[in-house]
Amino acid sequence: MAEKKKQSFTDMMKSPIIAAISSPKRLDEAMDSKCSIAFLMMGDVMSLPNYVKACNRRE
C-alpha cells in the first residue's frame with residue numbers, strides 16, 4: 001500500500017492536472033489526454049466499478 005501511495009504522489013507531481021470526469025463522454029476524453037489522475041464525479045455503487053476498470057485499462 002505504501003508503494004502505491006508513493007507512486008500516486010509521484011504521478012501527481014509529474015502531471016499536476018487532475019481530470020474531473022462528470023459523464024461517460026468526459027471519461028473518454030480524459031483517457032485520451034495526458035492526465036494521469038482522474039476524479040470520478042459520476043456513477044453509483046453499481047456503475048462505478050466499470051468506470052474504474054475503464055480508467056485502469058489506460059495504464
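**Overall layout.** I started by counting elements: the chain has three helices and two strands. Worth noting up front that this is a predicted model. Reading from the N terminus, I get the order α-β-α-β-α. Then I looked up burial for the chain as a whole: of its 59 residues, 19% count as buried. I also checked contact range. Taking contacts with a separation of 6 or more, I find that 24% are between residues 24 or more positions apart.

**Helices α2 and α3.** Next I went to the helix pair. I generally want two things for packed helices, the angle between their axes and the distance between the axes. Here α2 covers residues 24-32 and α3 covers residues 48-57. Their axes come within 10 Å and cross at roughly 20 degrees. Angles under 35 degrees count as roughly parallel, so I put α2 and α3 down as roughly parallel to each other. For the hand of the crossing, I noted right-handed.

Which residues make the contact? On the α2 side I listed Pro24, Leu27 and Met31. On the α3 side I have Tyr51, Ala54 and Cys55. I sorted them by class too: six nonpolar, no polar and no charged residues in the contact of α2 with α3.

**Cysteines.** Cys55 had come up in that helix contact, and I wanted to see about disulfides. How many does the structure hold? I found zero disulfides. I looked up accessibility for two cysteines while I was there. Buried means under 20% relative accessible area. Cysteine 35 has 14%, so I marked it buried. Cysteine 55 comes in at 16% relative accessibility, so cysteine 55 goes down as buried as well.

**Strand β2 and phenylalanine 39.** I moved on to phenylalanine 39, which lies in strand β2, residues 37-40. What does phenylalanine 39 touch, leaving out residues up to four places away in sequence? My list reads Ile18, Ala19, Ala20 and Ile21. Strand β1 spans 18-21, so I can place those partners by number. I also took one C-alpha distance: phenylalanine 39 and isoleucine 21 are 18 residues apart along the chain, and their C-alpha atoms are separated by 6.0 Å.

**Serine 23.** Last stop was the loop between β1 and α2, where serine 23 sits. Is serine 23 buried or exposed? Neither, as it turns out: I have a relative accessible area of 23%, so serine 23 is partly exposed. I paired serine 23 with methionine 41, 18 residues away in sequence, and got 7.8 Å from C-alpha to C-alpha.

Definitions and conventions
Residues numbered from 1 in each chain as written. Predicted model: local features only at pLDDT ≥ 70, side-chain atom pairs only at ≥ 80, totals over all residues. Heavy atoms only, no water. Axes fitted to C-alpha atoms, helices over the stretch in contact; angles between N-to-C directions. Helix = DSSP H or I, 4+ residues; strand = E, 2+ residues; numbered from the N terminus. Parallel < 35°, antiparallel > 145°, perpendicular 65-115°, else oblique. Left-handed = near helix turned anticlockwise from the far one by under 90°. Contact = heavy atoms within 4.5 Å. Nonpolar A, V, L, I, M, F, W, Y, C, P; charged D, E, K, R; others polar. Disulfide = S-S within 2.5 Å. Buried < 20%, exposed > 50% of the residue type's maximum accessible area, 1.4 Å probe, protein only.
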